[in-house]
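Student: I'm new to this structure, and I'd like to ask how some of the words used for it are earned. Could we go through it together?

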Amino acid sequence: MPAKAGAPRLSDLLLGRATMPEGSFVKHLPAPTWKSMSQDWDQRIRSYDRDQPLPLGPDGRHVFIIVQGCVRQERFPLGSVRGLPTIVRFRGIGEIIGEAKLIEQTSSVTTTCLSKTFVVPWRVSYMHRLQRQRPEVQLALLRSLEDRNRQDERIYATFAQASFQRVSTLLAHLAETAGIPDPTVTRRTIISGPTQKDLAAALQLGVSTVENAISSLRRHGTIDAGYRKFIVHDLDALHDSAIST
């Protein structure tokens, strides 16, 4: 569907006025390349509502670059039977999703928007052609995927760390990759979409364990939590909580 009010402005994206997170696909792209890619766009930024799935099923023909919002991706390594373990990851601004379709067209991953999400769709055929013509695009993709793998290991696979540290690390990551600065308060960031249950699923922790960690962060004035929303008051303190012992 076409983008509605509240969508990021294309001019801000193209002129570099919209800051992209470190390690993201768009951040790795040289600015002139990103700008020249826009000249081939045959579609506007598209928006998807909260809880709406992105069309990344077997019949999907696009990959997407997230320019605002947060999505939850879910894989089923042991099968999709109810009760079996799943792998949950969050993806945010500047990231390319659906990249497996560049290798296997019928590849599929369950991807759900956790907040109002704005994306730029790219046809798989176009991305194949672009990578052949512009080696820096392929390099940016490879670098972003390597950075993503390392981030995933640091955020989701540090099982030896205390639960409080792991929850703090994930919230800091979400603030930096999916958070929106609060226009009314300097240095305050709003993370819209993920629930405490989502955090628990991603970290493979109990919901009560996540609730306890968030309660501790709230007592310290680092964050506040509401319905499908976290308000980060002090990102530096949140980072400190992630490495505290």
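Tutor: We'll take a buried residue, then a small sheet, then the cavities; keep in mind that this is a predicted model.

Student: Let's start with Ser241. Why is Ser241 called buried?

Tutor: Buried means under 20% relative accessible area. Ser241 has 11% relative accessibility, so it counts as buried.

Student: Where is Ser241 placed, and which residues does Ser241 touch?

Tutor: Ser241 sits in helix H9, residues 235-243. Leaving out residues up to four places away in sequence, its contacts are Phe164, Gln165, Ser168 and Leu217.

Student: What makes those four count as contacts?

Tutor: Contact means heavy atoms within 4.5 Å, and Phe164, Gln165, Ser168 and Leu217 are the residues that Ser241 touches. As for Thr195, which is 46 residues from Ser241 along the chain, the two C-alpha atoms are separated by 20 Å.

Student: On to the sheet. In what order do the strands come?

Tutor: The order is E4-E3-E6, an open sheet of 3 strands with antiparallel pairing.

Student: What makes E4 and E6 edge strands?

Tutor: Strand E4 (87-91) and strand E6 (110-113) each pair on one side only, and that is what puts them at the edges. From one strand to the next, the twist averages 25 degrees.

Student: How do you know that E3 and E6 really pair?

Tutor: Two strands pair if there are at least two bridges between them. Strand E3 (residues 71-75) and E6 have 4 bridges, in the antiparallel sense, so they meet that cut-off. You can spot Val71 opposite Cys113 in E6.

Student: Now the cavities. How many turn up in the whole structure?

Tutor: A search finds 3 cavities of 30 Å³ or more. The largest holds about 80 Å³ of space, and the second largest has about 60 Å³.

Student: What makes a residue such as Leu56 part of the lining of the largest cavity?

Tutor: Lining residues have an atom within 4 Å of a cavity point. Leu56 is in that lining, and other members include Gln73, Arg75 and Val109. The lining residues divide into 3 nonpolar, 4 polar and 3 charged.

Student: And which helices help to line the second largest cavity?

Tutor: Helix H5 (135-156) and helix H6 (163-177) each supply at least two residues. Among the lining residues are Arg148, Gln151, His173 and Thr177. This lining has 2 nonpolar, 5 polar and 3 charged residues.

Notes
Residues numbered from 1 in each chain as written. Predicted model: local features only at pLDDT ≥ 70, side-chain atom pairs only at ≥ 80, totals over all residues. Heavy atoms only, no water. 1 Å grid on protein atoms, 1.4 Å probe; cavity = no way out; pocket = protein on both sides within 12 Å on 5 of 7 lines; lining within 4 Å. Points joined across faces, edges and corners; volume = space filled by probe spheres on them. Nonpolar A, V, L, I, M, F, W, Y, C, P; charged D, E, K, R; others polar. Axes fitted to C-alpha atoms, helices over the stretch in contact; angles between N-to-C directions. Buried < 20%, exposed > 50% of the residue type's maximum accessible area, 1.4 Å probe, protein only.
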